[in-house]
Amino acid sequence: MALNARLDHRNPLVFDTHELGRRPGALQRLNRTIDAPRDLGVAGVIGVPEGSPLELELRLESVMEGVLVTGTARAKAEGECVRCLEPLEQQLEADLQEMFSYPDADDRGRVKAEPADDAEEDEDRLFVEDGLIDLEPVLRDAVVLALPMQPVCQEDCQGLCSECGVRLSDDPDHHHDAVDIRWAALQGLAGSLEDGEKDEMSGAEPGVDEKQEK
């Protein structure tokens, strides 16, 4: 990716690597709790609410070509069950791992004589900028991968009744009497015939039945 104009050191997801220097093997461990940034998760499905506590446990290691960052992010995610549509919460734990390259070093860690202007080569790379690294894009990718695409309130959630919308987990014995539409049609036809016979009987001339009996 292209270098940003300048990273803001006040951003809680921007980390200073000056203490590491460029000594391969130098190591720094960091623990930080910050307010979660906005839109952290899968939009409209599940995510970490903006401003909620986000715990970061990080390991920054200096290597020849840059700074290797590994660690874990922990937070509480909120969403909606895809089966019963009830709100849900779950603990999130996302693993992080990313290499931040020195802009003036090639793939083998050697300083370039002249920095190359190769947009395609740098498109997917993250860089150390003036000794700073921005962990936000790495965090977002890790959180999305760690969250379920089809969140459920519980593994055995039975969802909603397709006929009346009742939450089936709350009423295990809930059911509706199934009616075969073919029998329903025949019952309707039979009812029509019975109604017709009644109409004919009610319209018969007086004394007809008496004559037939004689």
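Start at the hairpin that joins β5 to β6 through 2 residues. This is a predicted model. Select strand β5, residues 53–63, and follow its pairing with β6: antiparallel, over 9 bridges. For a reference point along this pair, pick Arg59, which stands opposite Thr70 in β6.

**Along β6**

Now select β6 in full, residues 66–80. Besides β5, strand β4 (residues 46–48) is joined to β6, by 2 bridges, and these two strands run antiparallel. Click Gly47 to find the contact: its opposite number in β6 is Glu78.

Next, add β7, residues 87–101. β6 and β7 pair in the antiparallel sense over 15 bridges. Gly79 is a good place to look across, with Leu88 of β7 standing opposite. Then go round the turn. The hairpin of β6 and β7 has 6 residues between the strands. Stop at Leu85, which takes a positive phi near 70° in this hairpin.

**Charges on β6 and β7**

Show side chains and select Lys76 and Glu89. They form a salt bridge, with the closest N and O atoms 3.7 Å apart. The pair links distant parts of the chain: Lys76 belongs to β6, Glu89 to β7, and 13 residues separate them. Lys76 is partly exposed, at 38% relative accessible area.

Which residues do salt bridges with shared partners join into one network? Select Glu57, Arg74 and Glu93 to see them together.

Keep one thing in mind while looking at side chains here. In a regular strand, they alternate between the two faces of the sheet.

**Two more salt bridges**

The structure holds 7 salt bridges. Two others are worth a stop.

Go to Asp8 and Arg10. Their side chains meet in a salt bridge at 3.0 Å, N to O. Are these partners buried or exposed? Asp8 is partly exposed, with a relative accessible area of 35%. Arg10 counts as exposed, at 68% relative accessibility.

Move on to Arg38 and Asp39. Here the side chains meet in a salt bridge at 3.6 Å, N to O. Turn on the surface and check each partner. Asp39 is exposed, with a relative accessible area of 61%. Arg38 also counts as exposed, at 53% relative accessibility.

To finish, return to β6 and color its partners. β4 is joined to β6 by 2 bridges, β5 pairs with β6 over 9, and β7 pairs with β6 over 15.

Terms used:
Residues numbered from 1 in each chain as written. Predicted model: local features only at pLDDT ≥ 70, side-chain atom pairs only at ≥ 80, totals over all residues. Heavy atoms only, no water. Salt bridge = Lys/Arg side-chain N within 4 Å of Asp/Glu carboxyl O. Buried < 20%, exposed > 50% of the residue type's maximum accessible area, 1.4 Å probe, protein only. Helix = DSSP H or I, 4+ residues; strand = E, 2+ residues; numbered from the N terminus. Pairing = 2+ DSSP bridges.
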